[in-house]
Amino acid sequence: MKDALHPISLVVAILGFLCLLRDLPGRRRDPASIALAAFFLLSGMSFAFSITPTWQYLDRALGIVNFSVPLAMGCVVALMACQQVVLTYWGSTPDVARRRAKAWLGAGLAVIAGLLALFAQLTPSTSRPENFTLYYAHDDAYAAYLTLYIAAYTFAEVYLTRACWRLARRSPRLSVRSGLRIVGAGALVTLGYSAVRIGDVVAGIFGGSLANWESFAWICGDTGALLTLVGFLIPAAADQLQQTLYRIKQYRSHHGLRPLWLAFYSEAPEIELPLDRVDPAQRRRFRGIGIRLYRRAIEIRDGRFVIRQYLDADVREQSEARHRADGLIGHELNAAVTADQIRAGIQARAAGVRPAAGRLTDFADAERQTAQPMDDINALLDVAHHLTREPARAPHRERVPA
């Protein structure tokens, strides 16, 4: 049964780890992110160690029969400690979380040390990738080993269930609330595995066996573990999706601003940032779409500054009257008028014609309030939308640092 179920959870664990791995260098000072990545990695390792081919390979490679048992269970104990560290940092102040995280990790290490010490008392002679617990349940050393493991496992899962439901009620983010409730449900399901393993210990004392419940134990254990993995993966996947959508928006905005940027560049090529003067050590930063979009916005602002002294009030008044007649109001009206002002201002600068005294004005959208960086980009995109693209005087290929 476990060889049929473990690969499914192994794949989900690997996906979760890879999902977090890309952003991990940037979050190396975030203990919750590191603990979450460690949780997925340890989950994958625990499932991998328990699969029969890996079990048999380790038996041969290490020369210690059934050493997959403490390896897999040690990973499970460690990942349960990591789960608690994640929830502690999500739900507590940094000082409190740091203190509690140390306690959880210390408890996990103590349990792992106890498991290794008890496993050393066993004298297994035959590799048992299947039904290991049933085979050794009557061994006193293994009964103590299993009792320590299942006590820690059950306590951690009960605590996890309670903590997840408590934090889910407090979280303002839908993805976190949903994920924590799924984790809590998964932890609850794993208690079926705990119940069977506790029954194995009790049955062993009285000379009985719960062999008929072995499949039920693995179904509960793997189903619960899978739900836990999916639950912790949901907030991470939601963050990745949000970042991907934001990057797509940045690329689209960068492309959408090109006609506006090109209009200014055709008249004032000096607005372009001279990348050849940038420190070679810093050029790599300019490859990112965030910097490229920011650079384009700054260069457009520089272009607006260049033609500002050529903005004629007559052009603005005529443009406002015409666009109002077309039904434009608010930001859309100001964007359309600004586009007309840019076209007229560029032509006036090219011709060297300044407005008459007292007829100099400002851009129609000069008073538009922008609170966020993307608000400023959106304001420029509104102008670009109304700007009729005109060819640059000279063909231009945008330079991206190599």
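Asp95 is exposed in this predicted model, its relative accessible area being 54%. A good place to start, then, is the salt bridge that the side chain of Asp95 makes with that of Arg98, at an N to O distance of 3.1 Å. Both residues belong to helix α5, which spans residues 94-119, and they sit three residues apart, or about one turn of the helix. Arg98 has a relative accessibility of 40% and counts as partly exposed, because exposed is kept for values over 50% and buried for values under 20%.

Helix α13 offers a pair with the same kind of spacing to look at: Asp340 and Arg343 both lie in this helix, three residues apart, about one turn. The closest N and O atoms of the salt bridge between Asp340 and Arg343 are 2.1 Å apart. Asp340, at 9% relative accessibility, counts as buried. Elsewhere, Arg197, Asp200 and Glu214 are joined into one network by salt bridges that share partners.

A further salt bridge joins Arg349 to Glu267, with 2.9 Å between the closest N and O atoms. This pair links distant parts of the chain, as Arg349 is in helix α13 (residues 330-351) and Glu267 is in helix α10 (residues 258-267), 82 residues apart. Glu267 is buried, with a relative accessible area of 11%, while Arg349 is partly exposed, with 24%. In total, the structure holds 16 salt bridges.

Turning to the overall fold, the protein has 14 helices and zero strands, so the pattern read along the sequence is a run of α elements. The C-alpha atoms fill a box of roughly 105 × 45 × 40 Å along the principal axes. The radius of gyration is 32 Å, whereas a compact globule of 402 residues would have one near 21 Å. Among contacts with a separation of 6 or more, 77% are between residues 24 or more positions apart.

The interior comes next. Of the 402 residues, 46% count as buried. The largest nonpolar core has 66 residues, and those touching the most other members are Phe39, Phe40, Leu87, Tyr142, Tyr149, Tyr193 and Phe232. Helix α7 (residues 140-170) gives the most to this core, contributing 14 residues. There is also a second, separate core of 26 residues, with Trp261, Ala297, Ile300 and Phe363 among its members.

At the surface, the protein exposes about 20800 Å², of which carbon and sulfur atoms supply 60%. Part of the nonpolar surface is gathered in a patch formed by Ile198, Val202, Ile205 and Phe206, which together have about 440 Å² of accessible area. Ile198 is placed in helix α8, which covers residues 174-205. With 40% relative accessibility, Ile198 counts as partly exposed, and it can therefore belong to a patch, for which over 30% relative accessible area is needed.

Technical notes. Residues are numbered from 1 along each chain as its sequence is written. This is a predicted model: local features need pLDDT of at least 70, side-chain atom pairs count only at pLDDT 80 or more; totals for chains, interfaces and linings use all residues. Side-chain values use heavy atoms; hydrogens and water are left out. Patches are made of residues with over 30% relative accessible area and no salt bridge: like charges are joined within 9 Å, nonpolar side chains (Val, Leu, Ile, Met, Phe, Trp, Tyr) within 5 Å. Accessible areas come from the Shrake-Rupley method with a 1.4 Å probe; for residues, only the protein chains shown count as cover. A salt bridge is a side-chain nitrogen of Lys or Arg within 4 Å of a carboxyl oxygen of Asp or Glu. Helices (H or I, at least four residues) and strands (E, at least two) are DSSP runs, numbered from the N terminus. Buried means under 20% relative accessible area, exposed over 50%, partly exposed in between (1.4 Å probe, protein chains only). A nonpolar core is a set of buried Ala, Val, Leu, Ile, Met, Phe, Trp, Tyr and Cys residues joined through side-chain atoms within 4.5 Å. The radius of gyration is taken over C-alpha atoms; the globule rule is 2.2 Å times the number of residues to the power 0.38. Contact means heavy atoms within 4.5 Å.
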